[in-house]
Amino acid sequence: MPITRLAPLPATYTQTTEALHRLAVYVIAPVQRLANGEIILRATPGGFSTFPYDGHVVGVDGDQLVVDGTHSPITTLNAAAAAIGITPDVTQQEQFDVPPHGDLDGPLGVDPAAAHALGNWHAFATEVLDTLRAEAEADDDPSIVRIWPEHFDAAVDMGDGSADRRGTFGASPGDSHHAPYLYASPWAGRIDGFFDDPTFTGASLLRERLVDDPDPTGTALGFLREARDRIRRRV
């Protein structure tokens, strides 16, 4: 169902998001990459998961690890990896902008309410980005909407790259600079004053501005459409 309201985030949101980000980077994304070379994830009810691969799906629903429909409590990185038949891929710590893997046997401490709040944010983002994607023009060549494990953001790329009118549009669960936010980033850089976020060459809209908004979907789409149209009009 469409998400019509965004509530304030639980106090445990940041800790839980960091734990689930580690789980995504070191366990869930690697199991799909080992099977078919892909690392992309998607929003699913209560959390996120791999796309289907070789008849399998691995993901998260609240504080539960879900392996081909079977639920078990999320405890540690080693336990989660064992449940799906791999070992944590600690080499991913060498990638840009990923959290350290930490103690592989340490409790991840996933709060179910916070995990569902993160899942709702990814679901809201996917809903909005799918709408933006459906409005693509002939030269836009939109990607699918996916969650990238490195940044843990849901995003889509679209626009005419041959004319330097392509950008990335997405939603971050929060990072070292911002609480959760929507963003738009032209591939050509800071093309005009709309793209004024000081921490990257794009524009941002904080999630907190959508809390209790009577139409958060409309507000989010308005922001992303404005960014898209400015990128399209670039000369």
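Two strands are taken to pair if DSSP finds at least two bridges between them. With that criterion in hand, the tour of this predicted model begins at its strands.

**Stop 1: strands β1, β2 and β3**

Select residues 58-61, which form strand β3, together with β2; these strands run antiparallel and are paired over three bridges. Within this pairing, choose G47 and look across to β3, where its bridge partner is D61.

Next, add residues 41-44, strand β1, and keep residues 47-50, strand β2, in view. The pairing of β1 with β2 is likewise described as antiparallel, with four bridges. Select L41 to find T50 of β2 standing opposite. Then move to the turn: two residues lie between the strands of this hairpin, and G46 adopts a positive phi near 85°.

**Stop 2: H122 in helix α3**

Proceed to H122, which is located in helix α3. Is this residue buried or exposed? H122 has a relative accessible area of 0% and is therefore buried. Display its surroundings: setting aside residues up to four places away in sequence, H122 touches A43, I147, F152 and A154. For a sense of scale, draw a distance from the C-alpha atom of H122 to that of R165; the two are separated by 26 Å, with these positions 43 residues apart along the chain.

**Stop 3: the salt bridges around helix α4**

The structure holds nine salt bridges. Side chains of opposite charge can pair when their charged atoms come close.

Select R225 and E135 to see one of these bridges, in which the closest N and O atoms are 2.4 Å apart. This pair connects distant parts of the chain: R225 belongs to helix α4 (residues 216-233), whereas E135 sits in the loop between α3 (112-134) and β6 (146-148), 90 residues apart. R225 is partly exposed, at a relative accessible area of 28%, and E135 is also partly exposed, at 27%.

Now select E137 and R232, whose side chains form a salt bridge at 3.3 Å, N to O. Because E137 lies in the loop between α3 and β6 and R232 in helix α4, the pair ties together parts that are 95 residues apart in sequence.

Keep R232 selected and add D229. These two also form a salt bridge, with the closest N and O atoms 4.0 Å apart. Both residues belong to helix α4, where they are three residues apart, about one turn of the helix. D229 has a relative accessibility of 25% and so counts as partly exposed.

To see how these pairs fit together, select E135, E137, D140, R225, R228, D229 and R232: salt bridges with shared partners join them into one network.

**Stop 4: the largest pocket**

Finally, display the largest pocket, which encloses about 720 Å³ of space. Which residues lie nearest its centre? Select D97, H151, S172, D175 and Y181, the members of the 28-residue lining that hold this position.

Colour the lining by element next. At least two lining residues come from each of α1 (13-36), β7 (153-160), β8 (165-172) and β9 (181-186). Of the elements, α1 gives the most, with five residues. Recolouring by residue class shows 10 nonpolar, 13 polar and five charged residues in the lining.

Key
Residues are numbered from 1 along each chain as its sequence is written. This is a predicted model: local features need pLDDT of at least 70, side-chain atom pairs count only at pLDDT 80 or more; totals for chains, interfaces and linings use all residues. Side-chain values use heavy atoms; hydrogens and water are left out. Buried means under 20% relative accessible area, exposed over 50%, partly exposed in between (1.4 Å probe, protein chains only). Contact means heavy atoms within 4.5 Å. On a 1 Å grid over the protein atoms alone, a cavity is a set of points where a 1.4 Å probe fits but cannot get out, and a pocket is an open set with protein on both sides within 12 Å along at least five of seven lines; lining residues have an atom within 4 Å of a point. Grid points are joined across faces, edges and corners, and a volume is the space filled by probe spheres set on the points. Ala, Val, Leu, Ile, Met, Phe, Trp, Tyr, Cys and Pro count as nonpolar, Asp, Glu, Lys and Arg as charged, and the others, Gly among them, as polar.
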